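Me: I am new to reading structures. Please pick one part of this chain and take me through it closely, then show me how its surroundings compare.

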Amino acid sequence: MALSQRLEFRQSQGLVMTPQLMQAIKLLQLSSLDLAAYVEAELERNPLLERASEDEGPPAAEPDTDADAPADGDGGGEGGEDGSTADWAGDDFETSRTSMEQGLGTELENVFPDDNPERPVVAPDTGPSYAEWTGAGAAPAGDGDYNLEAFVSSETTLADHLAEQMQLAISDPVERIIGQHLIDMVDEAGYLAGDLASVAEKLGAPIETVEHVLGVLQTFDPLGVCARNLSECLAIQLKERDRYDPAMAALVDRLDLLAKRDIAALRKVCGVGDDDIADMIGEIRHLNPKPGLAFGSSTVQAIVPDVFVRAALDGSWQVELNSDTLPKVLINQRYYAQVSKTTRGDKDKTYLADCLQTATWLVRALDQRAKTILKVSSEIVRQQDAFFASGVQHLRPLNLKIVADAVGMHESTVSRVTANKYMATTRGIFELKYFFTSAIASADGGEAHSAEAVRHRIRQLIDAETAEDVLSDDTIVDRLRDSGVDIARRTVAKYREAMHIPSSVQRRRDKKAGIAAT
């Protein structure tokens, strides 16, 4: 076979993932918080980007010099202040004192023993100084730059709360070391995570001393703290309430039966009747299984919606973006023109051109992201208008392809737009993906039903049942089919378990025992 060389021309099409396209795709699927962090990093990195600030308010008015100037014959500055002080402490003060004594019918010393007219006039006490508050030494007179963080109280953690109580309850230095080590082992829920034997071996202390210190710590606030398991946590709280009798102790030792809601077995273990076991379980339910969460818990970040949906006057729905979640950045053209005039080296020119290109693409990508979110959200509202008007039972089946075809985008683009985005409606705040549900066929061949609407219907049926008429999964299937929903029993069971609803046998047992199912 002979080998030869030749030239060929081929023409083909392909999608090239440029850095700008990758940036646009990345911005599209970011949440509002992640987007704000990304833009903040770009502002730090790119000198041509600047934050678009709000219009500044009107300048402060110039002081009225005529009102502040001293009158003719009055001395300005310190002389004027001395004169006014002398007038206040002189004849006017004596006249006021005389009139007050005449009104009271006695001298002021008899009413105000500490009052001394001969005492010089001093400025009133204005409270602790800046140095006394911050402990940083004397502050310069007239310095208005205060450290505001020094005045803000820090959040008390569980470890700090326990350490403060230990300083009062334990005086022995060795036991304090053991106590502090045990406090460091307490997790955020208030439980002791560790073995006492390993603690005793690590600290070289007798196991009896470690157990004694733990017993002291378990008496601290909040009740139930430093417990090694749930049973011990509940037992500590019951002992404080003087309710830890033998029957309650048996109940606490068999929490597994309580979790299974096996009331008959609990009655046998505790040796009590139906009314007593119901009261005991009620007391257990009022205890705190995680006492440590009251201290130093992490702050829950509130959901900030990306889109607002409001009812318009003509009966339609108005969709608008939340301007607070849209980063406002601009390209500083003036700074670019100023720097480009003084740039001489090729490396500097390349860097400046790259910064300008990156800034331009970022501004365009943010604008395109906002338009895409608004476009997809508007189509979702159009598809689910019955939900906004009548509620979740009217939610329609919807998938990504329907929205993608309507807005002229790819399904992957719609999927990225709906990820981590929220919509504020008159019925609450929902994630955009909430409106995409699978379809369940209709029993009479009509329009299909949304899976979310069917789950809501199952919840309504179970909430309306009584202890004498607990609905089984088969009964729920029959009732749904009567209402036009063609659904299988296993689907009902799957939806019920997803909503954390127990079986009909367990619900019947709970209702007969007088325990509301959670």
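What follows is a walk through one helix, its salt bridge and a few other sites.

Reply: This is a predicted model. Let us look at helix α24.

Helix α24 covers residues 489-498. Which of its residues are buried? They are Thr 491, Val 492, Ala 493, Tyr 495 and Arg 496. These buried residues pack against several neighbours. The partners are β7 (439-440), α22 (451-463), α23 (473-482) and α25 (504-512).

Now take Arg 496. Arg 496 forms a salt bridge with Asp 473. The closest N and O atoms are 3.1 Å apart. The pair links distant parts of the chain, with Arg 496 in helix α24 and Asp 473 in helix α23. The two residues are 23 residues apart. Are Arg 496 and Asp 473 buried or exposed? Both are buried.

Next, step off the end of the helix. Just after α24 comes His 500. His 500 lies in the loop between α24 and α25. Its phi is positive, about 60 degrees, although His 500 is not a glycine. Most residues other than glycine have a negative phi. His 500 is exposed, with a relative accessible area of 67%. Over 50% counts as exposed, so His 500 qualifies.

There is another site to set beside it. Asp 242 also has a positive phi of about 60 degrees and is not a glycine. Asp 242 sits in the loop between α12 and α13 (246-253). Asp 242 is exposed, with a relative accessible area of 69%.

On the other side of α12 there is a backbone feature of another kind. The peptide bond from Asp 221 to Pro 222 is cis, with omega near 5 degrees. Most peptide bonds are trans. Pro 222 is in the loop between α11 (207-217) and α12.

Helix α12 (230-240) also helps to line the largest pocket. So do α14 (255-260) and α16 (274-285), and each of the three supplies at least two lining residues. The volume of this pocket is about 340 Å³. Its lining has 14 residues. Leu 255, Leu 258, Ala 259, Ile 284 and Arg 285 lie nearest the centre. By class, 11 lining residues are nonpolar, 3 are charged and none is polar.

Back to salt bridges. The structure holds 21 of them. One joins Glu 320 to Arg 310, with the closest N and O atoms 2.1 Å apart. Glu 320 is in strand β3 and Arg 310 in strand β2, 10 residues apart. Glu 320 is partly exposed, at 29% relative accessible area. Arg 310 is partly exposed too, at 39%.

The strands themselves are worth a look. β2 (residues 307-311) and β3 (residues 317-321) pair in the antiparallel sense over 5 bridges. Arg 310 has Gln 318 as its bridge partner in β3. The two strands form a hairpin with 5 residues between them. In the turn, Gly 315 has a positive phi of about 95 degrees. β2 also runs parallel to β5 (residues 422-425), joined by 2 bridges. There, Phe 308 stands opposite Ala 424.

One more salt bridge rounds this off. Arg 396 pairs with Asp 385, and the closest N and O atoms are 3.2 Å apart. Arg 396 is in the loop between α19 (385-390) and α20 (400-407), while Asp 385 is in helix α19. Arg 396 is partly exposed, at 31%. Asp 385 is also partly exposed, at 31%. By contrast, Arg 496 and Asp 473, where we began, are both buried.

Key:
Residues numbered from 1 in each chain as written. Predicted model: local features only at pLDDT ≥ 70, side-chain atom pairs only at ≥ 80, totals over all residues. Heavy atoms only, no water. 1 Å grid on protein atoms, 1.4 Å probe; cavity = no way out; pocket = protein on both sides within 12 Å on 5 of 7 lines; lining within 4 Å. Points joined across faces, edges and corners; volume = space filled by probe spheres on them. Helix = DSSP H or I, 4+ residues; strand = E, 2+ residues; numbered from the N terminus. Nonpolar A, V, L, I, M, F, W, Y, C, P; charged D, E, K, R; others polar. Pairing = 2+ DSSP bridges. Buried < 20%, exposed > 50% of the residue type's maximum accessible area, 1.4 Å probe, protein only. Contact = heavy atoms within 4.5 Å. Salt bridge = Lys/Arg side-chain N within 4 Å of Asp/Glu carboxyl O.
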